[in-house]
Amino acid sequence: MGREKERMLAGEAYDPTDPELRHERERARDRCRRYNETAQTETDRRDRLLRELFGAVGDDATVLPPFHCDYGYNVGVGDDFFANFGCVLLDAGPIAFGDNCMLGPGVHVYTPTHPLGPEERAAGREFGDPVTVGDDVWIGGRAVLTPGVEVGDGAVVAAGAVVVDDVPARTMVGGNPAEVIREVDDE
């Protein structure tokens with residue numbers, strides 16, 4: 001493993017133009033392409049391809065094509081995971097979903113981030129800040145989770161929300177930036 005990949009996996013600033021990382025993104029895109037070309041009836045093939053792409057896959061995981069990611073091996077999904085059409089997971093850092101998570105269509109999860117200073121940003125380095133989603137979470141369509149956020153167990157992220165801060169367990173958040181709307185109860 002090269003130094004830039006080591007830095008990326010450690011959450012340190014790294015060079016995304018590194019040949020090893022470029023090759024791994026190309027490999028992930030090819031796997032995504034093959035996954036996206038499967039027929040709805042090819043459930044065994046989809047399962048096999050998803051297990052080749054992701055770092056961890058629980059039982060009964062479903063991802064509806066089209067789907068895109070950067071590396072794949074930094075993504076882990078628990079049991080009964082469901083991602084609707086058009087989801088994008090940019091996984092320069094780890095993305096972890098617990099059990100019974102549902103993603104609406106077009107959900108985006110981003111871990112890559114860049115320096116704020118323009119000179120440093122122009123140097124081209126970036127780093128990945130992990131995103132963690134607990135168990136029993138529902139993320140509505142077109143929602144965006146930004147680098148470094150954690151979504152607590154039983155939370156709901158409303159459609160179109162842009163999550164820039166952690167989401168407490170059993171709360172519903174919405175808006176841009178997302179704010180707590182209310183607590184989630186069992187009714």
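The following exercises, with worked solutions, concern a predicted model.

**Exercise 1. The surroundings of E4**

Determine where E4 lies, whether it is buried or exposed, and which side chain it meets in a polar contact.

Solution.
- Step 1: Locate the residue. E4 belongs to helix α1, which spans residues 3-9.
- Step 2: Assess its accessibility. The relative accessibility of E4 is 14%, and buried means under 20%, so E4 counts as buried.
- Step 3: List the contacts. Not counting residues up to four places away in sequence, E4 touches Y14, D15, D18, L21 and R125.
- Step 4: Identify the polar partner. The side chains of E4 and R125 make a polar contact at 3.3 Å.

**Exercise 2. An annotated segment**

State which residues the UniProt domain annotation covers, and describe the helix and strand content of residues 5-59.

Solution.
- Step 1: Consult the record. An unreviewed UniProt entry carries the annotation "domain: Maltose/galactoside acetyltransferase" for residues 5-59.
- Step 2: Describe the chain there. Residues 5-59 are 62% helix and 4% strand.
- Step 3: Consider the ends. The end C-alpha atoms of this segment are 29 Å apart.

**Exercise 3. Aromatic pairs**

Establish how many aromatic pairs there are, and characterise the pair of F54 and F67 and the pair of Y71 and Y73.

Solution.
- Step 1: Count. With ring centres required to lie within 6.5 Å, the count comes to three aromatic pairs.
- Step 2: Classify F54 and F67. Their rings are 5.6 Å apart centre to centre, with 75 degrees between the planes, and the pair is edge-to-face.
- Step 3: Place this pair in the chain. F54 lies in the loop between α3 (43-53) and β1 (56-57), whereas F67 is in strand β3 (residues 67-69), so the pair ties together parts that are 13 residues apart in sequence.
- Step 4: Check accessibility. F54 is buried, with a relative accessible area of 4%, and F67 is buried at 2%.
- Step 5: Classify Y71 and Y73. This pair is tilted, with 5.6 Å centre to centre and 45 degrees between the planes. Y71 is buried at 4%, while Y73 is partly exposed at 24%.
- Step 6: Add the charge over the ring. K5 lies over the face of Y73, at 4.7 Å from the ring centre.

**Exercise 4. Two cysteines**

Explain why C69 and C32 are not bonded.

Solution.
- Step 1: Begin with the total. The structure holds zero disulfides.
- Step 2: Find the closest partner. For C32, the nearest cysteine sulfur is that of C69, 3.7 Å away.
- Step 3: Apply the cut-off. A disulfide needs sulfur atoms within 2.5 Å; the separation of 3.7 Å between C69 and C32 is therefore too far for a bond.
- Step 4: Check accessibility. C32 counts as buried at 3% relative accessibility, and C69 counts as buried at 4%.

**Exercise 5. V75 and L89**

Locate V75 and L89, and determine which residues each one contacts.

Solution.
- Step 1: Locate V75. V75 lies in strand β4 (residues 75-77) and counts as buried at 2% relative accessibility.
- Step 2: List its contacts. Beyond its neighbours within four places in sequence, V75 is in contact with F54, G55, A56, L89, D91 and I95.
- Step 3: Locate L89. L89 is in strand β6 (residues 87-90) and is buried, with a relative accessible area of 1%.
- Step 4: List its contacts. With the neighbours within four places left aside, the partners of L89 include F54, F67, C69, V75 and I95.
- Step 5: Consider a separation along the chain. L89 and T111 are 22 residues apart in the chain, and their C-alpha atoms are separated by 8.2 Å.

**Exercise 6. Backbone geometry**

Describe the peptide bonds from P65 to P66 and between N176 and P177, then the phi values of R142 and R170.

Solution.
- Step 1: Examine P65 to P66. This peptide bond is cis, with omega near 0 degrees; P66 is in the loop between β2 (62-63) and β3.
- Step 2: Examine N176 and P177. A cis peptide bond joins them, with omega about -5 degrees, and P177 is in the loop between β18 (171-174) and β19 (179-183).
- Step 3: Examine R142. Although not a glycine, R142 has a positive phi of about 65 degrees. R142 lies in the loop between β13 (138-139) and β14 (144-145) and is exposed at 60% relative accessible area.
- Step 4: Examine R170. Phi of R170 is positive, near 55 degrees, in a residue other than glycine. R170 is in the loop between β17 (162-163) and β18 and is partly exposed at 38%.

Conventions
Residues are numbered from 1 along each chain as its sequence is written. This is a predicted model: local features need pLDDT of at least 70, side-chain atom pairs count only at pLDDT 80 or more; totals for chains, interfaces and linings use all residues. Side-chain values use heavy atoms; hydrogens and water are left out. Helices (H or I, at least four residues) and strands (E, at least two) are DSSP runs, numbered from the N terminus. Buried means under 20% relative accessible area, exposed over 50%, partly exposed in between (1.4 Å probe, protein chains only). A polar contact is a pair of N or O atoms within 3.5 Å; within protein, one must be able to donate a hydrogen and the other to accept it, and residues adjacent in sequence count only if both atoms are side-chain atoms. Contact means heavy atoms within 4.5 Å. UniProt positions are given in the numbering used here, feature names are shortened, and annotations may be inferred rather than shown by experiment. Rings of Phe, Tyr and Trp (its six-membered ring) pair if their centres lie within 6.5 Å; planes under 30 degrees apart count as stacked, over 60 as edge-to-face and the rest as tilted. A charge sits over a ring if NZ of Lys or CZ of Arg is within 6 Å of the ring centre and within 35 degrees of the ring normal.
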